[in-house]
Amino acid sequence: MMYAIVDIETTGGYGKRHRITEVAALVHDGEKVLESFQTLINPDCEIPGYITGLTGIDQRMVEDAPFFEDIAEAFFEFLKDKVFVAHNVNFDYQFIKSEFERVGMEFDAPKLCTVRLSRKIFPGLRSYSLGSICEHKAISIKARHRAFGDAEATAELFGMLLAADDEGVVQALLKRNSGEAFLPPNITKEQFLELPEDIGVYYFHDANGKVIYVGKALNIKSRFKGHFSGAGKGKQAMKTAVYSISYQLTGSEFLALLVEALEIKKHWPKFNRAQKVKEANWGLYRYQDGAGYERFQVAKVNRFSKAVLTFRSHHEAWSYLLGKVEQYRLCAKLCGIQKTKGACYDYQAGACDGPCCGEEEVTSYNEKVKRWMDNIQRERARLLIREKGRTREEHAAIYFEDGILQAYGFIEASLEVDSDEEVLGYLDRVKPVSDTTPILEQYLSKQLSKTVKVLG
């Protein structure tokens, strides 16, 4: 079996957007290096200054270098019928695959990761970065962060791994159906198999144990696999950074959403910052027009006006309002949904009683609005919600005050409690987070049932 030990330098971390600036590959027959391929590559784009600082490759150096399309055929032949080997292999592989795709060539090869191999064959090392493991194994890197220097060091490391592979780790990883190809290099198959297929919140930790990502899932194991299957923006950075996984089961998606919001605010993980739990940026505002009719408007939240309710998106606010217009037989025009000069379209269809054209009196219409507002106040005062537990032998109790989560916990189904206040005594208090309010509002808009109890 022949192996191609590959290393590249790039303009960034995402193969679909960034480009290769240097490539090196060494053919290894399992015992020694037979031949090599190396070249600088003109990326046809600007090389960021921090990349130049890391690799030493600047715009001047690649000015007269070939474009990838110029070396594509020769490089493809060099890699053909060989196992693609690299340190953090998915990084190099996705870049090279993307470069081939840009010139209309389909590249597909079996892969081996020397990080994963090292973790299995040389367990217990402090770090499995190329620099650290080479230092531990006394492997000299002649030009760190240059493609050929790193490829030579990786080839020497690979030779050591093959020589020490008494348990057939290499062959096991080469099996197409081994099910480990998607795994991050620092996560073992055993860690993955231990993940539950249940609803809950999961955490990715870095090498120091710090939480770098928090997510919720209906099936934690399946969601973990989805994070790292296929290519995608940001996937590679997180794939390299994650070293361990932890989780807590919640029993219901509602509680999972709430706990996710709490944990993101608590840890502020680096890979959650551009996503997850958006702030409540949209509000439902109430005012009275000149004729005395109660009116509503969905608008951006601002510090000068108090919103009746807040939402994470315009769509969420709009959907909620549409539902209440139908539920309380309100006027779509007075609620800011329709803009017409005369009567709203719902009046013509028989779904509105006509405050928009003077057919319904102010007191009658405003009484409908009052019933809605009273229900909101009642729902948001003190709520105790019962949800599914983690097992059939328990249920979850979730407590809100003024629309914000205050406490939650799990209570054995067989436990006899005499009052709601006694239930609250079994719950764990949490630091109030405003992001739990829109989650509650969405939940209540879909199901206000016997599982929701308004406390006095």
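Strand S9, residues 282-288, is joined to strand S11 by 3 bridges, and the two strands run antiparallel. Within this pair, Gly283 stands opposite Thr310 of S11. The model described here is a predicted one. In general, strands of a sheet pair through backbone hydrogen bonds, and the pairing is either parallel or antiparallel.

S9 has a second partner as well. It is joined to S10 by 7 bridges, and these two strands also run antiparallel. Here Tyr285 stands opposite Gln297 in S10. S9 and S10 form a hairpin with 5 residues between the strands, and in this hairpin Gly292 takes a positive phi near 95°. Taken together, the 3 strands make an open sheet in the order S10-S9-S11, with antiparallel pairing. The edge strands are S10 (294-300) and S11 (309-311), each of which pairs on one side only. On average, neighbouring strands of this sheet are turned by 30° against each other, direction ignored.

Another sheet can be followed in the same manner. It is open, has 3 strands in the order S7-S6-S8, and its pairing is antiparallel. Strand S7 (211-217) and strand S8 (244-249) stand at the edges with a single partner strand each, so one side of each has no neighbour in the sheet. Between neighbouring strands of this sheet the average turn is 20°, direction ignored. Strand S6, residues 200-205, is joined to S7 by 6 bridges, and the two run antiparallel. One facing pair across them is Phe204 and Tyr213, the latter in S7.

Next come strands S1, S2 and S3. S1 and S2 are joined by 8 bridges and run antiparallel. Ala4 stands opposite Val27 in S2. S2 also pairs with strand S3, residues 33-40, in the antiparallel sense over 7 bridges. In that pairing, Val23 stands opposite Thr39 in S3. The hairpin of S2 and S3 has 4 residues between the strands, and Gly30 in this hairpin takes a positive phi near 100°. How many residues of strand S2 are buried? Strand S2, residues 20-28, is mostly covered, with 9 of its 9 residues buried.

The loop between S1 and S2 holds Lys16. Is Lys16 buried or exposed? The answer lies in between: Lys16 has a relative accessibility of 44% and therefore counts as partly exposed, since that class covers values between the 20% limit for buried and the 50% limit for exposed. The C-alpha atom of Lys16 is separated by 36 Å from that of Ala163, a residue 147 positions away along the chain.

Ala164 has its place in helix H7. With a relative accessibility of 31%, Ala164 counts as partly exposed. Ala164 and Ile121 are 43 residues apart along the chain, and their C-alpha atoms are separated by 7.0 Å.

Helix H7 also leads to the largest pocket. The lining of this pocket receives at least two residues from each of strand S1 (3-10), helix H1 (49-55), helix H4 (89-102), helix H7 (147-164) and helix H11 (235-241). The volume of the largest pocket is about 880 Å³. Its lining consists of 30 residues, and His87, Asn88, Phe91, His145 and Thr240 are the ones that lie nearest its centre. What classes of residue make up this lining? There are 12 nonpolar, 12 polar and 6 charged residues in the lining of the largest pocket.

The last step is to look at the chain as a whole. The secondary structure of the protein chain comes to 17 helices and 16 strands. Why is the chain described as more spread out than a compact globule? Its radius of gyration is 30 Å, and the globule rule gives 23 Å for 456 residues; the value for the chain is well over that, so the chain is more spread out than a compact globule. Along its principal axes, the C-alpha trace spans about 90 × 60 × 35 Å. Of the 456 residues in the protein chain, 49% are buried.

Definitions and conventions
Residues are numbered from 1 along each chain as its sequence is written. This is a predicted model: local features need pLDDT of at least 70, side-chain atom pairs count only at pLDDT 80 or more; totals for chains, interfaces and linings use all residues. Side-chain values use heavy atoms; hydrogens and water are left out. On a 1 Å grid over the protein atoms alone, a cavity is a set of points where a 1.4 Å probe fits but cannot get out, and a pocket is an open set with protein on both sides within 12 Å along at least five of seven lines; lining residues have an atom within 4 Å of a point. Grid points are joined across faces, edges and corners, and a volume is the space filled by probe spheres set on the points. Ala, Val, Leu, Ile, Met, Phe, Trp, Tyr, Cys and Pro count as nonpolar, Asp, Glu, Lys and Arg as charged, and the others, Gly among them, as polar. Two strands pair if DSSP finds at least two bridges between them. Axes are lines fitted to C-alpha atoms, for helices over the stretch in contact, and angles run from 0 to 180 degrees between N-to-C directions. The radius of gyration is taken over C-alpha atoms; the globule rule is 2.2 Å times the number of residues to the power 0.38. Buried means under 20% relative accessible area, exposed over 50%, partly exposed in between (1.4 Å probe, protein chains only).
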